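Biologist: Before we discuss any details, could you put the sequence and the model in front of us?

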Amino acid sequence: MTSSDSSSTSTSGGSVSGGAGGGGNVSTCSTATSPYLSSCRYRKRSVRSSNSSNNNGKKVTIPLEHGCEDNWTWSRRHRSKEIVLIDQNDRTVYFHPNWSKGTAGVQGKRPLNNGRFYWELHVSQRIFGTSIMFGIGTRKARLHANSFRNLLGEDEHGWGLSHKGVLWHKGVALMYTDPFKENKATVVGILFDGIEGTLTYYKDGKCLGVAFRGLDKIKEPLYPIVCSTAAKTEMTLKNTQSDIGRLQDRCRAEVMKHIKSRDDLSKLKLPSIITNYLSEAYNDHVPLRQIDNYDMLFDF
């Protein structure tokens, strides 16, 4: 687009806080959604206090309390030539080390399907330019383009969130949350639930709500992916957790595939404790605003 992807501009943009959800031991967070987006509900058992702090020095919470440490790294094989992995553990990504003349991405080594995975991306203050993206994709997702673009989610092989607060999948853009503040370090958390088939984002410890759903139907392996058009952007992978999920959660996910409305749940005439447990996974759909090419010319 412009030279702004190679040199940072003055601080601008909207509030860093998301439009939905909240921090702390919150059992429910929700957001307005599209047909492939939904509200999210997490019981207290899936959230734990963390020793880490957000950029305001406040303690935050991260999911998967009963998960285990999952030390996956970024792939040296599946990355753009405009990406350098700068620490010995391959967990820090450095984009466009000289100047930017396109969009660069890298894929994680961890296949995500069929389990629950959480990871955090500690993004340096060089947040600016056309698009910095966080999400997942298949092996068919592009990891390099000789143009400034929203690379992750440009087609059916990727699901991504840009730093402008926009979700991308199949080339469709939907407003999801407020834009990130430019030139301010940020922590982006991502929770992939392969059992429920959802992808949820967190920003500086705050749940933004489920972004994508139906991911349990994807048969190809899915991998973490990050992309950036901005020169000298740095992201460090931290707090990688995994949880294969309990049997009752897997059974609930299977039952909910056949539930179309809350009335369907009541018609089952189950004990209230079971009905309440099943209803935690039910999602009321409210469409998000779709963004077109005209909107892309302006800050949101």
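**Burial and packing**

Biologist: Is Glu-182 buried or exposed, and what is its relative accessible area?

Modeller: Glu-182 is buried, a class that requires under 20% relative accessible area, whereas exposed means over 50% and partly exposed covers the range in between (1.4 Å probe, protein chains only). This is a predicted model, in which local features need pLDDT of at least 70 and side-chain atom pairs pLDDT 80 or more, while totals for chains, interfaces and linings use all residues. Residues are numbered from 1 along each chain as its sequence is written, and side-chain values use heavy atoms, without hydrogens and water. The relative accessible area of Glu-182 is 12%.

Biologist: How far is the C-alpha atom of Glu-182 from that of His-163?

Modeller: Glu-182 sits in the loop that links strand E15 (172-175) to strand E16 (186-193), strands being DSSP runs of at least two residues, numbered from the N terminus. Although Glu-182 and His-163 are 19 residues apart along the chain, the separation of their C-alpha atoms is 8.8 Å.

Biologist: Which strand gives the most to the largest nonpolar core?

Modeller: This core (buried Ala, Val, Leu, Ile, Met, Phe, Trp, Tyr and Cys residues joined through side-chain atoms within 4.5 Å) has 37 residues, and among those touching the most other members are Trp-74, Trp-119, Phe-134 and Tyr-201. With 4 residues, the strand that gives the most is E10.

Biologist: How many residues does the other core, apart from it, have?

Modeller: Ala-141, Val-166, Trp-168 and Ala-173 are among its members. This separate core has a size of 12 residues.
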